[in-house]
Amino acid sequence: MIEFLSLKRVNAPHEAGIRQAIQRVIDSGWYILGQETEAFEREFAEYCGAKHCISVANGLDALHLVLRAYDIGAGDEVIVPSNTFIATWLAVSQAGATPVPVEPDAGTFNLDPALIEAAITPRTRAIMPVHLYGQPADMDPINAIARKHGLRVIEDAAQAHGARYKGKRAGSLGDAAGFSFYPGKNLGALGDGGAITTSDDTLAATLRKMRNYGSSVKYRHDIPGVNSRLDEMQAAVLRVKLSHLDSENATRRALAAEYLQALRGGPVVLPTVLADTEPVWHLMVVQSEQREALQAQLTRREVGSMVHYPIACHQQKAYAGSAWPALPIAERLQHQVLSLPISPYLTSAEVRTVADAVRG
């Protein structure tokens with residue numbers, strides 16, 4: 001059986017280092033906003049090429065708090081992809097603003113820059129591109145549009161740890177970026193976690209207060225904040241895994257290349273890689289008009305697979321009752337996308353087995 005994802009296999013190479021890191025935290029007696037968190041924030045900011053990293057409790061909080069810190073809320077609009085995990089939309093809704101969906105390029109799955117300007121209104125405050133499945137969005141035209149209209153650019157980099165666009169890493173491509181460290185991510189904790197990266201000093205200072213009850217000095221609360229903090233245990237674990245992230249991403253790229261070669265000319269539509277980008281292949285997503293039959297065949301061949309995502313955001317009950325524009329690409333993708341196994345522990349032989357099952 002080739003599992004879609006085995007977190008045991010993901011974490012096995014790091015087990016000794018993780019145990020040492022956890023013991024270090026236990027020995028310190030400090031569990032919230034301590035030296036491990038400070039060190040991880042410093043190391044992750046440097047890794048992303050950003051001036052600041054502000055760790056938080058999860059990826060949704062990361063995006064939501066950036067919007068709040070920029071005073072984006074009721075009456076405002078934020079442009080989001082129509083094809084994404086619902087957290088992107090929920091962050092906007094939680095801030096009190098309105099998500100305005102724009103269709104993706106069907107090959108890269110990412111926000112199509114050519115469609116953005118038509119969605120901009122006097123109420124638009126920000127664009128939130130998603131580096132979906134580990135593929136960087138086309139950021140140069142997105143940033144150019146944002147500058148033209150005076151908008152913020154907030155990257156949803158939850159699936160793109162280490163991805164590069166024209167030599168720069170995700171997390172340094174806009175005004176700010178939100179990351180998730182959910183266990184299945186390329187950089188995953190042993191529980192929930194998230195972070196914001198930015199080179200905006202004022203934004204970083206606001207976010208450090210906001211995540212900690214609006215306080216930078218104990219019992220003094222300057223703004224209405226929240227409790228959204230990455231604990232020391234998770235920070236210590238992430239420091240261990242960050243040191244291996246580049247090598248594991250390189251393995252993912254090699255496996256993705258094998259998939260693309262083995263499936264070329266086969267029965268599925270393969271993803272398109274944008275020029276001058278270096279995806280990190282958080283997911284290997286193909287398209288098939290016979291998705292259910294293909295997934296059933298993989299199951300019979302003992303190959304795991306998943307659908308990311310089976311219901312488009314605008315068709316979820318959470319967003320029922322709103323008048324959404326026609327979104328035919330998102331609606332088509334929800335019926336055709338299928339994610340194949342791809343993880344740093346996967347072998348070339350396993351990739352060939354999966355590819356044979358798809359072609360079979």
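A residue counts as exposed when its relative accessible area is over 50%, as buried when that area is under 20%, and as partly exposed in between. The exercises below concern a predicted model.

**Exercise 1. Determine which residue forms a salt bridge with Glu117, and classify the accessibility of each partner.**

*Step 1.* The partner of Glu117 is Lys148, and the closest N and O atoms of this salt bridge are 3.1 Å apart. The cut-off for a salt bridge is 4 Å, between a side-chain nitrogen of Lys or Arg and a carboxyl oxygen of Asp or Glu.

*Step 2.* The pair links distant parts of the chain, 31 residues apart. Glu117 belongs to the loop between strand E3 (98-102) and strand E4 (124-127), while Lys148 belongs to helix H6 (residues 139-149).

*Step 3.* Lys148 has a relative accessible area of 61% and is therefore exposed. Glu117, with a value of 34%, is partly exposed.

**Exercise 2. Locate the salt bridge of Arg164 and describe the sheet to which its strand belongs.**

*Step 1.* Arg164 forms a salt bridge with Glu278, with 3.7 Å between the closest N and O atoms.

*Step 2.* This pair, too, links distant parts of the chain: Arg164 is in strand E6 (residues 164-165) and Glu278 is in strand E12 (residues 277-278), 114 residues apart.

*Step 3.* Relative accessible area is 27% for Arg164, which is thus partly exposed. Glu278 is also partly exposed, at 30%.

*Step 4.* E6 and E12 belong to an open sheet of 3 strands, in the order E7-E6-E12, with antiparallel pairing. Strand E7 (168-169) and E12 have a single partner strand each and stand at the edges, so one side of each lacks a neighbour in the sheet.

*Step 5.* The antiparallel pairing of E6 with E7 comprises 2 bridges. Within this pairing, Tyr165 is opposite Lys168 in E7.

**Exercise 3. Establish how many salt bridges the whole structure holds, and give a network and a further pair.**

*Step 1.* A search of the whole structure yields 18 salt bridges.

*Step 2.* One network of salt bridges links Arg24, Glu36, Glu43 and Arg239.

*Step 3.* A further pair is Arg291 and Glu292, whose closest N and O atoms are 3.1 Å apart. Arg291 is buried, since its relative accessible area is 5%.

**Exercise 4. Decide whether strand E8 is enclosed or open, and identify the strands paired with E8.**

*Step 1.* Strand E8 spans residues 176-180, and 5 of its 5 residues are buried; the strand is therefore largely enclosed by the rest of the structure.

*Step 2.* Both faces of E8 are covered. On one side, Ala176, Gly178 and Ser180 are buried; on the other side, Ala177 and Phe179 are buried.

*Step 3.* Strand E5 (residues 152-156) runs parallel to E8 and is joined to it by 3 bridges. Glu155 is found opposite Ala177 in E8.

*Step 4.* Strand E9 (residues 194-198) runs antiparallel to E8, and 5 bridges join these two strands. Phe179 has Ala195 in E9 as its bridge partner.

**Exercise 5. Explain why Cys48 and Cys53 do not form a disulfide.**

*Step 1.* The cut-off for a disulfide is a pair of cysteine sulfur atoms within 2.5 Å.

*Step 2.* The cysteine sulfur closest to that of Cys48 is in Cys53, at 7.2 Å, which is too far for a bond. Taken from Cys53, the closest cysteine sulfur is that of Cys48, again at 7.2 Å and too far for a bond.

*Step 3.* The search of the whole structure accordingly returns 0 disulfides.

*Step 4.* Cys48 is buried, at 2% relative accessibility. Cys53 is likewise buried, at 2%.

**Exercise 6. Describe the surroundings of Asn11 and the nonpolar surface patch that includes Ile32.**

*Step 1.* Asn11 is part of helix H1 (residues 7-11). Its relative accessible area of 15% makes Asn11 buried.

*Step 2.* Leaving aside residues up to four places away in sequence, Asn11 touches Ile18, Leu190 and Lys241.

*Step 3.* Ile32 forms a nonpolar patch on the surface with Ile26 and Tyr31; together these residues have about 260 Å² of accessible area.

*Step 4.* Ile32 is placed in the loop between helix H2 (15-28) and helix H3 (35-48). With a relative accessible area of 35%, Ile32 is partly exposed. This value satisfies the patch cut-off of over 30%.

Terms used: Residues are numbered from 1 along each chain as its sequence is written. This is a predicted model: local features need pLDDT of at least 70, side-chain atom pairs count only at pLDDT 80 or more; totals for chains, interfaces and linings use all residues. Side-chain values use heavy atoms; hydrogens and water are left out. Patches are made of residues with over 30% relative accessible area and no salt bridge: like charges are joined within 9 Å, nonpolar side chains (Val, Leu, Ile, Met, Phe, Trp, Tyr) within 5 Å. Accessible areas come from the Shrake-Rupley method with a 1.4 Å probe; for residues, only the protein chains shown count as cover. Helices (H or I, at least four residues) and strands (E, at least two) are DSSP runs, numbered from the N terminus. Buried means under 20% relative accessible area, exposed over 50%, partly exposed in between (1.4 Å probe, protein chains only). Two strands pair if DSSP finds at least two bridges between them. Contact means heavy atoms within 4.5 Å.
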